[in-house]
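Thanks for making the time this morning. I would like to go through the aromatic contacts first and then turn to the cavity, and I will put the structure up now.

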Amino acid sequence: MHHAADEITSVEDAARKAITDNLFSPRFYTTDYAAMDALSVEPVRAEWDAMMAEYEGDNNHDHFQRDAGFADEARALAATMSPELKQEFLDFLVSSLTSEFSGCVLYNEIKRNVTNPDIKKLMEYMARDESRHAGFINSSLKDYGLGIDLGNLKRSKHYTYFKPKYIFYATYLSEKIGYARYIRIFRQLEKYPEKRFHPIFRWFQRWCNDEFRHGESFALIMRAHPHLLRGHNRLWIRFFLLAVYATMYVRDHTRPDLKQAMGLAPTEYDFDVFRICNEITKQVFPVLLDLDHPAFAAGLARLAACVGRANEGKAQGGLAGALKRGFWHVAGAAVFVRMYFIPALSNSLPATTRLQPRW
Ligand SMILES: [Fe+2]
Ligand SMILES: [Fe+2]
């Protein structure tokens, strides 16, 4: 699946990969700060205050530091990785760093642009966490001489404007699916430590508890504004669910070596993550995707195949390559639209929102 043009062999390649946007890469966002400032969390005040006390307690303040043996362990294990696995792992580090830093930049910008004390404090805590996460990943890239200049990334990346409600749907989901992805990997490597090909995975459990709590924050904001969860907004929620799940599936299937090295089949891993995520989103979403509908798994497989063919066209180049790429993009979009119309499941919301990370 790898094409020379996509390989990360220099610090410039790593920076270009982080800056370049495509349909499946993490994006940077701006939003309507006045609307963010006008949010009220009064309807969920008790749960909100309990959550803010957890942020204040900062139980991960000492977590994102490398232990003495980290770099040596990384170096020794790197020697055992195949070149394909190493490339996929670097791609994983760069895209994870971009996505952590995207949260950091967005939360910081919201913090700077609002005076509402609840929102300002929340954004400050979440930016604190994401900045630690991004810095921790960057240390591992620096071990390979591939550290990313985050100031430059912040200045050079294209920013996509999202209305607050789209930020809530998308960011809630990306925090929760981030939790589910990390905890599934952590559990796997807890069971098979011999498959842990990099020390960074030892950090994932406490790390993803931060992401879980970030997701809780957006769940409470949405529950405090129930019109975001009704009427035509249900269609937006279905759209974001499908977009986030499909993006993850396609990405994981274009770098299968990473999961296989952990002893995980990509499809099985993705469905485990979807199931965890579906279970969690019952706290806030009135609709869920029907993961067991036969057209769902079949659609994802077709979508990944379309993207694979489009990438072949891109690698081939020239007019024929461009036509091939265009054709398979359109075919992929048609599969996505058909999947959107698979009947969704209705969910009635629980009386209290908060969940604990118990997976
Ligand atoms: Fe994070
Ligand atoms: Fe997060």
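How many aromatic pairs does a search of the whole structure find? Please keep in mind, as we go, that what you see is a predicted model. The search finds 41 aromatic pairs, and I will take two of them in some detail.

Let me begin with Y182 and W207, whose ring centres are 5.4 Å apart and whose planes stand at 75 degrees; since planes over 60 degrees apart count as edge-to-face, that is the class this pair falls into. What the pair joins is distant along the chain, for Y182 belongs to helix α8, residues 164–191, and W207 to helix α9, residues 204–224, with the two positions 25 residues apart in numbering. As for exposure, Y182 is buried, at a relative accessible area of 9%, and W207 is buried as well, with a value of 0%.

The second pair is W236 with F239, where the centres are 6.0 Å apart and the planes lie at 85 degrees, so this pair is edge-to-face too. Here the two residues sit in one helix, α10, which covers residues 233–254, and because they are three residues apart they are separated by about one helical turn. On accessibility, W236 is partly exposed at 31%, and F239, at 32%, also counts as partly exposed.

Which residues do ring pairs link into a cluster? The members are F64, F70, F89, F92, F136, Y182, F197, F201, W203, F204 and W207, so you will recognise both partners of the pair between α8 and α9 among them.

Two arginines also deserve a look, since each lies over the face of a ring: R213 is placed over Y55, at 5.8 Å from the ring centre, while R358 is placed over its ring, that of W359, at 4.2 Å from the centre.

That leaves the interior space. The structure holds one cavity of 30 Å³ or more, and the largest cavity contains about 80 Å³ of space. Its lining is made up of R238, L242, L289, D290, F296, M339, Y340, I342, P343 and A344, and helices α10 and α14, the latter spanning 318–340, each supply at least two of the lining residues. Is that lining mainly polar or nonpolar in class? Sorted by class, it has eight nonpolar residues, two charged ones and no polar ones.

Terms used:
Residues numbered from 1 in each chain as written. Chains lettered and ligands numbered in written order. Predicted model: local features only at pLDDT ≥ 70, side-chain atom pairs only at ≥ 80, totals over all residues. Heavy atoms only, no water. Phe/Tyr/Trp six-rings, centres within 6.5 Å; stacked < 30°, edge-to-face > 60°. Helix = DSSP H or I, 4+ residues; strand = E, 2+ residues; numbered from the N terminus. Buried < 20%, exposed > 50% of the residue type's maximum accessible area, 1.4 Å probe, protein only. Lys NZ or Arg CZ within 6 Å of the ring centre and 35° of its normal. 1 Å grid on protein atoms, 1.4 Å probe; cavity = no way out; pocket = protein on both sides within 12 Å on 5 of 7 lines; lining within 4 Å. Points joined across faces, edges and corners; volume = space filled by probe spheres on them. Nonpolar A, V, L, I, M, F, W, Y, C, P; charged D, E, K, R; others polar.
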